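Me: I should like to learn how to read the features of a protein model, one at a time. Please give the general idea in each case and then apply it to the structure shown here.

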Amino acid sequence: MPSQNKTPPSGDSQRERREFFRIDDRIGLEVRRLDDAHPGDDPFNNSPLEALKAEFRRLDQDVRAHLASLAERDRLLAGLVKSLNSKVDTLARIIAFDQNPLQPEDWQDVTLSEGGLSFRWPTATFVAGDRLAIRMTLPPELYQPRAIAEVLDTEHDNQGGTRVHTLFVELDDSDRQQIARHVMRWQIRQRQKE
């Protein structure tokens, strides 16, 4: 019987593992400080569209549920429906992005993982403990995951700005999966460049 090593990984291997799941990327980033007085407000002012987005997500879940049973009966048809569903999803992301295009200053270099985000802010606005609403636009797929993050630490730079380190404290599973897929695809693209 092979021996099993039950000792925890060394500090170096834990750091390497964290680095593997953390990427330095250029993404669209929108950040709003959350107001404790109005916690239910939409910080990105998309209230009229939220009902439509919720309906879109519900329909997408319905399609996925039916695809599983359809695949048991007809794999070719299930593959076609899955492709069409992906096409509609991509079209929806393009339309949403066209309706709310990001300005050049909204694109910035960040460090991203499933657990949090580190970004540069032009002023020393945030302090540890602040809660932020964050909406990311992840190219090239244009996924727009949202999260509530807590500021863990800030570091002032020599240009009068701040490097803000955050931890995601509220993140839907679907948004976490979008970030995970983005990180994985980014890593694959980087390996292909080497």
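**Reading the model feature by feature**

Reply: Let us begin with accessibility: Arg120 is partly exposed, with a relative accessible area of 27%. The coordinates belong to a predicted model.

Me: Why does Asp157 count as partly exposed?

Reply: The class between buried and exposed runs from 20% to 50% relative accessible area. Asp157 has a relative accessibility of 27%, so it counts as partly exposed.

Me: Which type of interaction do the side chains of Arg120 and Asp157 form?

Reply: In general, side chains of opposite charge can pair when their charged atoms come close. Here the side chains of Arg120 and Asp157 meet in a salt bridge, with 2.7 Å from N to O. The pair links distant parts of the chain, since Arg120 belongs to strand E3 and Asp157 to the loop between E5 and E6, 37 residues apart.

Me: How many salt bridges does the structure hold?

Reply: The structure holds 7 salt bridges. Among them is the one between the side chains of Asp130 and Arg33, at 2.9 Å from N to O. Asp130 lies in the loop between strand E3 (116–121) and E4, and Arg33 lies in strand E1, so this pair ties together parts that are 97 residues apart in sequence. Asp130 is buried, at 15% relative accessible area, whereas Arg33 is partly exposed, at 42%.

Me: With which residue does Glu141 form a salt bridge?

Reply: Glu141 forms a salt bridge with Arg185, and the closest N and O atoms are 3.4 Å apart. Because Glu141 lies in the loop between E4 and E5 and Arg185 in helix H4, the pair ties together parts that are 44 residues apart in sequence. Glu141 counts as buried at 15% relative accessibility, while Arg185 counts as partly exposed at 29%.

Me: How should the strands be read, and in what order does the closed barrel run?

Reply: One follows the pairing from strand to strand. The closed barrel has 6 strands in the order E1-E2-E3-E6-E5-E4, with antiparallel pairing. From one strand to the next, the twist averages 50°.

Me: How many bridges join strand E5 to strand E6?

Reply: Strand E5 (residues 146–156) and strand E6 (residues 162–170) run antiparallel and are joined by 8 bridges. Val151, for example, has Thr166 as its bridge partner in E6. E3 is also antiparallel to E6, and 6 bridges join them. There, Ser118 has His165 as its bridge partner in E6.

Me: Is Thr166 buried or exposed?

Reply: As general background, the side chains in a regular strand alternate between the two faces of the sheet. Thr166, in strand E6, is buried, with a relative accessible area of 7%. Leaving aside neighbours within four places in sequence, the contacts of Thr166 include Gly116, Leu117 and Phe119, together with Leu132, Ile134 and Val151. Thr166 and Thr154 are 12 residues apart in sequence, and their C-alpha atoms are 8.9 Å apart in space.

Me: Which strands does helix H4 lie across?

Reply: Helix H4 (residues 173–193) lies across E1, E2, E4, E5 and E6, and runs at about 150° to E1.

Me: How should backbone angles be read, and which peptide bond is cis?

Reply: Most residues other than glycine have a negative phi, and most peptide bonds are trans. The bond from Pro139 to Pro140 is cis, with omega near 0°. Pro140 is in the loop between E4 and E5, and Leu142 is also placed in the loop between E4 and E5. Leu142 has a positive phi of about 65° although it is not a glycine, and it is buried, with a relative accessible area of 18%. In the hairpin of E5 and E6, with 5 residues between the strands, Gly160 takes a positive phi near 85°.

Me: Finally, which residues make the nonpolar surface patch of about 270 Å²?

Reply: Leu77, Leu80 and Leu84 make this patch. Leu77 lies in helix H3 (residues 75–99) and counts as partly exposed, at 38% relative accessibility. A residue needs over 30% relative accessible area to join a patch.

Technical notes
Residues are numbered from 1 along each chain as its sequence is written. This is a predicted model: local features need pLDDT of at least 70, side-chain atom pairs count only at pLDDT 80 or more; totals for chains, interfaces and linings use all residues. Side-chain values use heavy atoms; hydrogens and water are left out. Patches are made of residues with over 30% relative accessible area and no salt bridge: like charges are joined within 9 Å, nonpolar side chains (Val, Leu, Ile, Met, Phe, Trp, Tyr) within 5 Å. Accessible areas come from the Shrake-Rupley method with a 1.4 Å probe; for residues, only the protein chains shown count as cover. A salt bridge is a side-chain nitrogen of Lys or Arg within 4 Å of a carboxyl oxygen of Asp or Glu. Helices (H or I, at least four residues) and strands (E, at least two) are DSSP runs, numbered from the N terminus. Buried means under 20% relative accessible area, exposed over 50%, partly exposed in between (1.4 Å probe, protein chains only). Two strands pair if DSSP finds at least two bridges between them. Axes are lines fitted to C-alpha atoms, for helices over the stretch in contact, and angles run from 0 to 180 degrees between N-to-C directions. Contact means heavy atoms within 4.5 Å.
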